[in-house]
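Please find below a colleague's note on the structure under review. The points are numbered so that each may be checked against the coordinates in turn.

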Amino acid sequence: MTLADSVNRWVEGQLEGVSFESIRDKKVIRDALLDTNRFFEHEINVIDLPFVQRLRRIAQTGFTYLTYPSSTHNRFEHTLGVTVIATKFANAIKEKHPLMMDEKTMRELRLAGLLHDIGHGPFSHISECMYGNLPDVAQELKTNPKFSKSKSKPHEMLSYLIVTSKYFKDFFEDNLHSKKYNTLIDLNNVANIIVGDMENPLEAYISDIINGSFDADKLDYIPRDCYFTGLKMEVDIDRIMYTVSIDKKKTFGRQSLIIDIGGEPFIEQVLFNKMMLYSSLYHHHKVRTLECMFFSIFEACRDHNLKINGFSFDKVTDFLSVTDVEMLTLEGKPDEIKPYIENIRNRTLLKRALVISKSTIKKPEGVSEVEAAEAIDMKYYDLIKLSEDPVRIRQLRELIVQEIDGKLTPYDVWIDLPEAPSFREPSHTVIKITEDEIRTLDKIFPVNKWLTTYAENKWKGHVFCPPQYRKEVNKASLKIFKEELGIDFNDFATTFTKME
Amino acid sequence: MYRISTKLIPARMDDKKRQEISQSIKSHRALDDIIAYLFALLQSERIPTDENKIHNAIFELKKEYPDFFEDFVFSRGDVYPHSKDLERILFRFQQSNILGTMNPTFEIYIFPNKSKKVVLEHLSNKFSHKEKETLLKMSRKLEGLLTI
């Protein structure tokens, strides 16, 4: 069975027995950030679909709410927000290029906003790391030009497969399409917008609105994550909208969405906020700890053939079939896994046993300053390149566990080396300086390089372990890093853990 | 107190398994190693930081030497071909100081010949003699693509 077939079957299960009442008029939905907004009749029916409603039970930012208590916002709210902001983009385009944003395109864009995240699994990007590595998913992402061309993320690919599934298309035609609401929506266009790959490069600006360098997705999640965590940052969405237009000269072989030079500082503002979100939120060590603890549950299931709520999580639709709520109940969990669920439920966290950064690597003795610096550079290189190598990381964890004979499992010890945050937006954001002069943002001001330099210096990795074993794991980690990678850490690597 | 699932505590690892793991950790070749070795073979000490140029150049090299770059996936629907793997590798090169940039313009990566020598020595055992010859050819082509 192909991936598309299994997704089609999952959609069939989701829509079985679903029927709709006709919605007589548009409905108003309020949002904490975006105020009052209206949704079309057919959109209300789409919002009511089980696989859209399940987004209410998927946290927007994973486990951040266990560090920032008010960040309990979910994918559902974000989905509505993206739809509203996509409409602002569409209106801005319509004002400047009336022929390039018709009613049909507007409705397809809005539907893409509503459906762009339906491929998310429990705790959003945390489970995405896992199902993205399933062989059939990885293969499809790599070999299917629809996804490899636009470098789709796993959840985007799944959203695409759900929207283009035969069962959903038939359901949409029978229940929501022209017969009932006189809409003229082409679901293929909706799916193409979601993965950022229009068939016609002259229509690239349409998918740029949902899946581009400064898209509705980003303009919603950045202020939303700031607002609900309580981090004080602003994004001036309306100011950006005044400067949006289309590159009709096709400077990069496509009609891209562009920003007038007057909007440049406000795009930079978005990027600086994104950078702060990484250092304050996404890479916060307690947030990372919880992600590791969540991975442990799946790792243990995979290693010992255990099932959660009847699912073995060896196929992607298993991830679509559960939400955060089901994952954190004790019901349906094997006894071996229950302690790990309870640790998360009770917020009993793993703690730092070692801090990994360039400044925690020990200088070699008896050599010149320059030689010492070069040696540290290469040791650090060997270490951080493991950040995308789960096999070697797991092996190192197993070796550390062996040092503390018979007391811990590999699921209790984590080496967390966060992936580098991506700041590619400036090199893909097209800025109009004059009618004849169009450049990418990084050619005007290298904001991506500034952000990258900041992130490089802020970056920290950790070894996490149960609090009652910090000293043992610290000692074992120092030994294993020395033996396997030839890396000696200085005293700061331990002091920074605040274990004393 | 943090709870440990005692039922999942592994058995003592035997020496053979221990050695296998150790060997795997020490001998593994990462994508980073390929790019680092390639850059270290460039004759120029200056590499443009322009993402468009670098990503395009590796994209072109992948066409000619697909075996080396099999795991690099490039998006092509955007302003220029872009590889997330390559983006992260370049980030790590700067993190570990293999590549340096000059404030405040950040236009050029500096990769001094002395550092190149250190990198080539450090990674020497990751490549066969034949692979090294291919990498040398690739570096000449890369030099042209980056128009240093």
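The points that follow take up the domains, the nonpolar core, the strands and the contacts between the chains.

1. Nature of the model. This is a predicted model. The statements below should be read in that light.

2. Domains of chain A. Chain A is divided into domain 1, residues 3-230, and domain 2, which is made of residues 351-420 and 459-500. Taken over C-alpha atoms, the centres of domain 1 and domain 2 of chain A are separated by 40 Å.

3. The largest nonpolar core. This core holds 168 residues, and those that touch the most other members are Ala86(A), Phe89(A), Val190(A), Ile194(A), Ile209(A) and Ala36(B). Because domain 1 (3-230) and domain 2 (351-420 + 459-500) of chain A both give residues to this core, the core lies between them. For Val190(A), the contacts beyond four places in sequence are Glu108(A), Leu111(A), Ala112(A), Leu115(A), Val163(A) and Ile185(A).

4. A hairpin in chain A. Strands β1 (residues 27-31) and β2 (residues 35-39) of chain A run antiparallel and are joined by five bridges. The hairpin connection from β1(A) to β2(A) passes through three residues. Within this pair, Arg30(A) has Thr36(A) of β2(A) as its bridge partner.

5. A three-stranded sheet in chain A. The open sheet has the strand order β5-β9-β6 (chain A), with antiparallel pairing. Its edge strands, β5 (351-356) and β6 (414-416) of chain A, each pair on one side only. From one strand to the next, the twist averages 20°. Strand β5(A) is joined by five bridges to β9(A), residues 461-465, and these two strands run antiparallel. In this pairing, Val355(A) stands opposite His462(A) of β9(A).

6. The interface between the chains. Chain B places 45 residues in contact with 58 residues of chain A. On the side of chain B that touches chain A, two or more residues come from each of α1 (15-27), α3 (51-64), α4 (84-95) and α5 (113-123) of chain B. Helix α4(B) gives the most to this side, with seven residues. By type, the residues of this side of chain B divide into 16 nonpolar, 17 polar and twelve charged.

7. Arg88(B). Which residues does Arg88(B) contact, leaving aside its neighbours within four places in sequence? They are Glu388(A), Glu419(A) and Ala420(A). Arg88(B) lies in helix α4 of chain B. Arg88(B) counts as buried because 20 C-beta neighbours lie inside 10 Å, and the cut-off for a buried residue is 20 or more. The C-alpha atoms of Arg88(B) and Met102(B) are 19 Å apart, with their positions 14 residues apart along the chain.

8. Ser387(A). Is Ser387(A) buried or exposed? Ser387(A) counts as buried, because it has 22 C-beta neighbours inside 10 Å. The place of Ser387(A) is in the loop between α21 (369-384) and α22 (390-403) of chain A. Beyond its neighbours within four places in sequence, Ser387(A) is in contact with Leu417(A), Pro418(A) and Glu419(A). The C-alpha atoms of Ser387(A) and Ile415(A) are separated by 9.1 Å, although these residues are 28 apart along the chain.

9. A contact to examine. Glu419(A) appears among the contacts of Ser387(A) and also among those of Arg88(B).

Terms used:
Residues numbered from 1 in each chain as written. Chains lettered and ligands numbered in written order. Predicted model: local features only at pLDDT ≥ 70, side-chain atom pairs only at ≥ 80, totals over all residues. Core = buried A, V, L, I, M, F, W, Y, C linked by C-beta atoms within 7 Å. Buried ≥ 20, exposed ≤ 12 C-beta atoms within 10 Å, placed from the backbone. Domains from an automatic or database assignment. Contact = placed C-beta atoms within 7 Å. Helix = DSSP H or I, 4+ residues; strand = E, 2+ residues; numbered from the N terminus. Nonpolar A, V, L, I, M, F, W, Y, C, P; charged D, E, K, R; others polar. Pairing = 2+ DSSP bridges. Axes fitted to C-alpha atoms, helices over the stretch in contact; angles between N-to-C directions.
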